[in-house]
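Biologist: Please show me the model. Then we can go through it.

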Amino acid sequence: MTTHDAIVIGAGPNGLVAANHLADKGWSVLVLEAQTEVGGAVKSDRELHPDFVQDTFSAFYPLAEASTTIRSFGLEDHGLTWVHAPAVLGHPTPDGSWAILHRDREITARLFDAAHPGDGAAWLELCGLWDRIGDQMVRALLSPFPPVKNGLGALSKLRSVGGLDFVKMMLTPANEIVSSRFGGPGPGLIIAGNAGHADIPLNAPGSGLMGVLMSMLGQTVGFPVPQGGAGELAHSLRRRFESLGGEIRYSAEVTRIDVDNRRATGVRTADGERFAARHAIVADVVAPHLYGRMLSPDDLPVRTTSAMRKFDLDPSTVKVDWALSGPVPWASQPAYAPGTFHVADSVEQMTEAHGQVSARIIPAKPFMLAGQMTTSDPTRSPSGTESLWAYTHVPQHAVSDAGGDLTGTWDHDENERFADRMQARIEQLAPGFGSTIIERRVIGPREMEQRDANLIGGAINGGTSQLHQELIFRPVPGMGRSETPVHGLYLGSASAHPGGGVHGAPGMNAARAAITHARVRKITRGLLR
Ligand SMILES: Cc1cc2nc3c(=O)[nH]c(=O)nc-3n(C[C@H](O)[C@H](O)[C@H](O)COP(=O)(O)OP(=O)(O)OC[C@H]3O[C@@H](n4cnc5c(N)ncnc54)[C@H](O)[C@@H]3O)c2cc1C
């Protein structure tokens with residue numbers, strides 16, 4: 001049995017961030033990854049067509065670009081190049097108009113103002129508020145809870161952005177923020193669409209913060225993509241870790257964490273190997289698997305096991321990838337070609353689709369997030385073609401289908417029929433879309449979980465992002481930090497605060513906690529000697 005200072009279970013972005021930080025501190029670190037490649041939900045492949053790179057899961061990384069942790073790693077020295085589409089985000093509507101978020105805020109404002117005079121100035125005012133407090137807010141959100149230093153930093157800026165009025169705006173549901181600040185449809189489609197990146201209903205608190213955060217990140221850092229495919233981000237983290245002497249083992253699914261006297265001492269893999277950890281085990285593992293499978297109930301307080309029974313997953317997901325022979329034949333061309341685009345007829349229709357998913361109904365007109373990857377990064381497919389994807393959420397356990405007779409079993413036939421429904425949404429906005437398709441791939445909820453065990457039933461964020469499971473309630477009430485009831489074991493996945501998205505915060509928070517505790521143990525042992 002080999003012994004390392006730390007074992008990291010899972011080589012998703014959070015696991016790789018934790019592994020890098022621990023190796024930076026001089027620890028010997030072993031990463032055990034169940035799949036044959038690093039990345040978790042940050043991967044790319046050429047399965048669909050040899051000439052087309054498809055991002056298997058995630059694709060756009062504003063949170064990585066805004067994360068001081070990921071920036072501090074200098075991944076550009078390990079082969080990462082960020083690239084941007086001409087416009088950050090677009091929202092085409094059935095009447096042929098587009099809402100466009102350009103990285104240059106003056107251009108965004110000009111386009112909004114042309115559609116509704118006054119909206120340009122209102123947009124620039126929102127950007128101005130964000131300039132004053134946005135950096136501090138992002139830092140506070142990505143720090144361990146409670147974010148003492150960064151929280152105080154944000155509080156010190158609060159007066160300059162209007163004090164409690166600003167706090168109130170951030171707590172206001174997305175659809176109310178847009179109706180109170182803007183007259184035309186464009187800003188609303190952008191903010192509400194961005195709120196839809198989390199599973200918070202658009203008429204619930206928390207959605208406004210998400211919508212403003214993502215829109216303002218689009219305005220400040222853009223929605224960058226790694227040149228060559230999403231996997232390049234994970235591989236640059238891997239290369240950096242390996243350059244520090246770190247070791248990764250593949251096809252090494254951890255099935256058990258050994259606990260001795262309430263302290264995690266090592267792990268066992270599915271093929272029976274055992275590995276010992278001197279100081280810490282960081283689990284880049286979704287909370288229900290960590291607490292429900294890898295630890296014995298005897299290793300946990302009853303309050304943890306019973307709280308985990310109430311853990312809420314986020315909704316399921318269906319993703320479709322296309323290799324296209326040409327660009328998407330939009331009915332009307334946008335002023336600037338966007339990398340990301342959203343599909344919904346209106347904010348109201350978006351709200352309806354979200355509501356249906358919450359009510360466990362499969363939407364007839366799914367709200368879709370989509371990406372024109374060759375528009376963002378011309379290396380993704382041959383010149384003149386497009387590598388395209390779209391995903392949408394569906395209920396984890398559907399009770400009915402608003403658009404037909406799907407049952408939510410998500411077998412091959414249901415996946416394909418639902419993908420037809422999604423494709424028809426694009427066809428409506430881009431007549432002739434179907435005739436540009438060379439190949440199509442559907443990744444349904446089951447396939448998602450097969451490719452990454454953390455994506456239980458196609459849940460992409462390690463648990464719901466709704467307020468009742470955020471901050472000190474994540475993953476269960478009273479936790480809110482990476483420490484677990486087992487000493488030396490840290491939860492470093494998206495199931496920990498602050499949740500999903502590629503920013504590395506759960507991984508970094510876990511690694512920092514492990515280092516602090518190891519130092520304290522060393523000092524305590526010295527004092528007791
Ligand atoms: C379809 C989709 C689209 C998304 N789009 C975006 C986006 O555009 N931008 C964005 O910022 N975020 C996006 N996300 C969310 C983001 O990808 C995740 O929040 C993020 O990857 C979570 O990182 P993680 O390291 O916690 O877990 P994961 O990325 O899920 O990685 C977990 C890793 O642990 C491994 N593992 C699990 N269990 C074990 C075990 N028992 N033993 C060994 N290894 C194990 C898995 O194989 C996997 O490699 C998307 C996610 C999905 C699925």
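Modeller: A crossing is right-handed if the near helix is turned clockwise from the far one by less than a right angle, and left-handed if anticlockwise. The model is predicted: local features need pLDDT of at least 70 and side-chain atom pairs 80 or more, while totals for chains, interfaces and linings use all residues. Residues are numbered from 1 along each chain, and side-chain values use heavy atoms, without hydrogens and water.

Biologist: Is the crossing of α1 and α18 left-handed or right-handed?

Modeller: Helices and strands are DSSP runs (H or I, at least four residues; E, at least two), numbered from the N terminus. The axes of α1 (13-24) and α18 (505-528), fitted to C-alpha atoms over the stretch in contact, come within 7 Å. Their N-to-C directions (scale 0 to 180 degrees) cross at roughly 35 degrees. The crossing is right-handed.

Biologist: Which residues of α1 make the contact?

Modeller: Contact means heavy atoms within 4.5 Å. On α18, the partners include Ala505, Met508, Ala511 and Ile515. On α1 they are Asn14, Val17, Ala18, His21 and Leu22.

Biologist: How much of the ligand's accessible area does the protein cover?

Modeller: Polar contacts here are N or O pairs within 3.5 Å. Ligand nitrogen atoms lie 2.8 Å from a backbone N or O atom of Phe60, 2.9 Å from a polar backbone atom of Val254 and 3.1 Å from one of Ala34. Alone, the ligand has 1000 Å² of accessible area (Shrake-Rupley, 1.4 Å probe). The protein covers 94%.

Biologist: Which residues around the ligand come nearest?

Modeller: The surroundings hold 32 residues, each with a heavy atom within 4 Å. Nearest come Asn14, Glu33, Phe60, Asp452 and Gly501.

Biologist: Which peptide bond is cis?

Modeller: Most peptide bonds are trans. Pro498 sits in the loop between β20 (489-491) and α18. With omega near 5 degrees, the cis bond runs from His497 to Pro498.

Definitions and conventions: Polar contact = N/O pair within 3.5 Å; in protein donor to acceptor, adjacent residues only side chain to side chain.
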